[in-house]
Amino acid sequence: MRAETGVLVSGLLGAAGEPGDAQDEDAPKIRYRAVFISDIHLGTAGCQAEALLDFLKHHSSDYLYLVGDIVDGWQLRRRWFWPQAHNDVVQKLLRRARKGCHVVFVPGNHDEFARGFVGHKFGDITVQRDTVHTTAQGVSLWVTHGDYFDGVIQCAKWLAYVGDNAYEFTLKLNRSLNSLRARMGLPYWSLSQYLKGKVKSALNYVTDFEVAVAREAKHRGHAGVVCGHIHRAEMRDIHGTLYCNDGDWVESRSALVEHLDGRLEIVFWDELLAAHSARQAQALPLRELTA
């Protein structure tokens, strides 16, 4: 717990001098009413910190929800891994809160150490066990990480640790595989997502999790739920309850966003980048003609 708490403290101490502040002020931004992100897993080699920094740089919001597993305390206990980009993410989030964005941190199982600070603030970031967000259209969304609905976490935590190690190994193998694919000009491909889609027990686990979370949201009187935990971005209706999973920033690099009119959408950073590149390519001939 000392190491993970030290990470947050170092972020607090360094927040005032975040690199790139000036450039961020000039960066073009798409404004949302709310952004939900989870499963960043700072402290692991698989964390896509640079992509997240780029996403935050170009997307602002009135509300920002950190829906658990932001810092991976499990992996940090085994091996310390904390490059500058991970510290930059912590500082970016703190700066976002300091600039007026309402930032709420709902800890997950990998950063469960933060559950000891529920009701307190780190900088201007509020720590809550769970919370409720009401959209511009009046839709009540229960926000929770979701690990309480994971039978493995609750009943056999040792098995969850084993599974976590296996997942890290798969990610390491995946990085090597995609490095080779990149040299061959092939797009990114997720080995872990492929395996999950092929293993029937994994599919059943995901379905059971989604139904359980949606059922609890309905029981609490909410129209929908926003969660993370299973690294599977999705938005669908489950027995009359809106189920939203914002995915992760290890593989899918996704977020749930609420537009200013209250419309909800899952966005993927890879798709946003591709769309931005396409717009630039279309604008290039116009610039050449007017040059």
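Cys244 has its closest cysteine sulfur in Cys227, and at 8.3 Å that is too far for a bond. The cut-off for a disulfide here is a pair of cysteine sulfur atoms within 2.5 Å, and by that rule the count is zero disulfides. Salt bridges are another story: a search of the whole structure turns up 10.

Some ground rules before the details. This is a predicted model, where local features need pLDDT of at least 70 and side-chain atom pairs count only at pLDDT 80 or more, while totals for chains, interfaces and linings use all residues. Residues are numbered from 1 along each chain as its sequence is written, and side-chain values use heavy atoms, with hydrogens and water left out.

**Cysteines**

- Cys244 is buried, with a relative accessible area of 0% (buried means under 20% relative accessible area, exposed over 50%, partly exposed in between, using a 1.4 Å probe and protein chains only).
- Cys47 is buried too, and its relative accessible area is 6%.

**Salt bridges that start from strand β1**

- Arg31 pairs with Asp62 in a salt bridge, their closest N and O atoms sitting 3.0 Å apart (the criterion is a side-chain nitrogen of Lys or Arg within 4 Å of a carboxyl oxygen of Asp or Glu).
- Arg31 belongs to strand β1 (residues 30–37) and Asp62 to strand β2 (residues 59–66), so this pair ties together parts that are 31 residues apart in sequence. Strands (E, at least two residues) are DSSP runs, numbered from the N terminus.
- Both ends of this bridge get some solvent: Arg31 is partly exposed at 45% relative accessibility, and Asp62 is partly exposed at 31%.
- Arg33 forms a salt bridge with Glu258, with 3.1 Å between the closest N and O atoms.
- That pair links distant parts of the chain, with Arg33 in strand β1 and Glu258 in strand β11 (residues 254–258), 225 residues apart.
- Here the partners are tucked away: Arg33 counts as buried at 17% relative accessibility, and Glu258 is buried at 0%.

**Another pair, and a network**

- Glu265 and Arg263 meet through their side chains in a salt bridge, at 3.8 Å from N to O.
- Glu265 is partly exposed, with a relative accessible area of 30%, and Arg263 is partly exposed as well, at 42%.
- Glu210, Arg232, Glu234 and Arg236 are joined into one network by salt bridges that share partners.

Terms used: Helices (H or I, at least four residues) and strands (E, at least two) are DSSP runs, numbered from the N terminus.
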